[in-house]
Amino acid sequence: MSDPGSLAGARSLLAGPGPVCVLTGAGVSAESGVPTFRGPEGLWRSYRPEELATPAAFARAPELVWEWYSWRRGRVAACRPNPAHEALAALGRRRGDVTLATQNVDGLHALAGTREPLELHGNLFRVRCTRCRFRAEHPREALPPPWPPRCPECRGALRPDVVWFGEALPSEELSRGTAAARACRVFLVVGTSGVVHPAAGLAFEAKSGGAAVIEVNPEATPLSEDADLVLRGKAGEVLPQVLAP
Ligand code: BV8
Ligand code: ZN
């Protein structure tokens, strides 16, 4: 658990004036019951990312990829925001200068009340057409086979509206996240292994912009050595302490 000195240091940094930028990863949703990617019970355990979260995998085995996302959608639909999501949403409501970017596709930040989270890797509950510009919310209940479902506009195959490996991140979200990281005074990075780029790179953008970087994670990551403050703990326990008004 983090030492009181680091908690106090983080509290005072986060209470100060000047814009705050937050980057979250799967760890912020771990206490909601959403499996992380690379942890012991991680989503990647039974598969390797290349097998499922790539355009080639979808081209090769669209039904298997669709089924994996349907399983994940069902898992996530049963999860609720945890105190970490709620503390971040409250911070955003209290201050008008917080930008939150997330690598998560679970929609839990928006559900907790964070306005306009920058979803750098898309959203599990949206689908889009592989052929035309059709995009829609995925219904709450699973769509029946045959999978993948077809586009109502052009009959092309529908796919999850998430960013796969080798695909570009949505330019609007990435440029807004990068600008916020460069301009912020404090950069709070929560629950990410810091291995997936360019999202993880926002921490270095913040650092080069002169921000103080605070990491919240029970484990060390490649971002730890550049952090000004490291809070070794669970997001759901640490964030309510350091973000309380
Ligand atoms: C791209 C969506 C180029 C799908 C995901 C350098 C620059 C650019 C690209 C690269 C580069 N180097 C390598 C690349 C390629 C690649 C990449 O980064 N590979 C890695 C694996 C080396 N990047 C890409 O392919 C990206 N695209 O660069 O395209 C391009 C440009 C122009 C035109 C065409 C192409 C796309 C990357 C996005 C991939 N999609 N997800 C899906 O979800 O199915 S990535 C996936 O990993 C998730 O989004 C996830 O969020 C993300 C990162 O993982 P984490 O969130 O960090 O989760 P993880 O399990 O790893 O870690 C959890 C952490 O939480 C741990 O540290 C743990 O200790 C901690 N934790 C656990 N419990 C708690 C906790 N923390 C707090 N509290 C707790 N209770
Ligand atoms: Zn279409």
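## A tour of ligand 1 and two salt bridges

Begin by selecting ligand 1 and the side chain of His121, where an oxygen atom of the ligand is 2.7 Å from an N or O atom of that side chain. Please bear in mind throughout that this is a predicted model.

Next, select His197. One of its polar backbone atoms is 2.8 Å from an oxygen atom of ligand 1. Then turn to Ala235, which has a polar backbone atom 2.9 Å from a nitrogen atom of the ligand. Taken on its own, ligand 1 has 1,500 Å² of accessible area, and the protein covers 73% of that area.

Now display the surroundings of the ligand. Ligand 1 sits in the largest pocket, and 34 residues are around it. Select Arg38, Tyr69, Arg72, Thr192 and Ser193, as these are the residues that come nearest to the ligand. Colouring the shell by class will show 16 nonpolar, 12 polar and 6 charged residues.

Leave the ligand at this point and proceed to the salt bridges, of which the structure holds 11. Side chains of opposite charge can pair when their charged atoms come close. Select Asp97 and Arg95, whose side chains form one such bridge, with an N to O distance of 2.8 Å. Are these two partners buried or exposed? Asp97 is partly exposed, because its relative accessible area is 26% and the partly exposed class runs between 20% and 50%. Arg95 is buried, because its relative accessible area is 14% and buried means under 20%.

Finally, select Arg176 and Glu116. These residues form a salt bridge in which the closest N and O atoms are 3.5 Å apart.

Conventions:
Residues are numbered from 1 along each chain as its sequence is written. Chains are lettered from A and ligands numbered from 1 in the order in which they are written. This is a predicted model: local features need pLDDT of at least 70, side-chain atom pairs count only at pLDDT 80 or more; totals for chains, interfaces and linings use all residues. Side-chain values use heavy atoms; hydrogens and water are left out. A residue is near a molecule or strand if one of its heavy atoms lies within 4 Å of it. A polar contact is a pair of N or O atoms within 3.5 Å; within protein, one must be able to donate a hydrogen and the other to accept it, and residues adjacent in sequence count only if both atoms are side-chain atoms. Accessible areas come from the Shrake-Rupley method with a 1.4 Å probe; for residues, only the protein chains shown count as cover. On a 1 Å grid over the protein atoms alone, a cavity is a set of points where a 1.4 Å probe fits but cannot get out, and a pocket is an open set with protein on both sides within 12 Å along at least five of seven lines; lining residues have an atom within 4 Å of a point. A molecule sits in a cavity or pocket if more than half of its atoms lie within 2 Å of its grid points. Ala, Val, Leu, Ile, Met, Phe, Trp, Tyr, Cys and Pro count as nonpolar, Asp, Glu, Lys and Arg as charged, and the others, Gly among them, as polar. A salt bridge is a side-chain nitrogen of Lys or Arg within 4 Å of a carboxyl oxygen of Asp or Glu. Buried means under 20% relative accessible area, exposed over 50%, partly exposed in between (1.4 Å probe, protein chains only).
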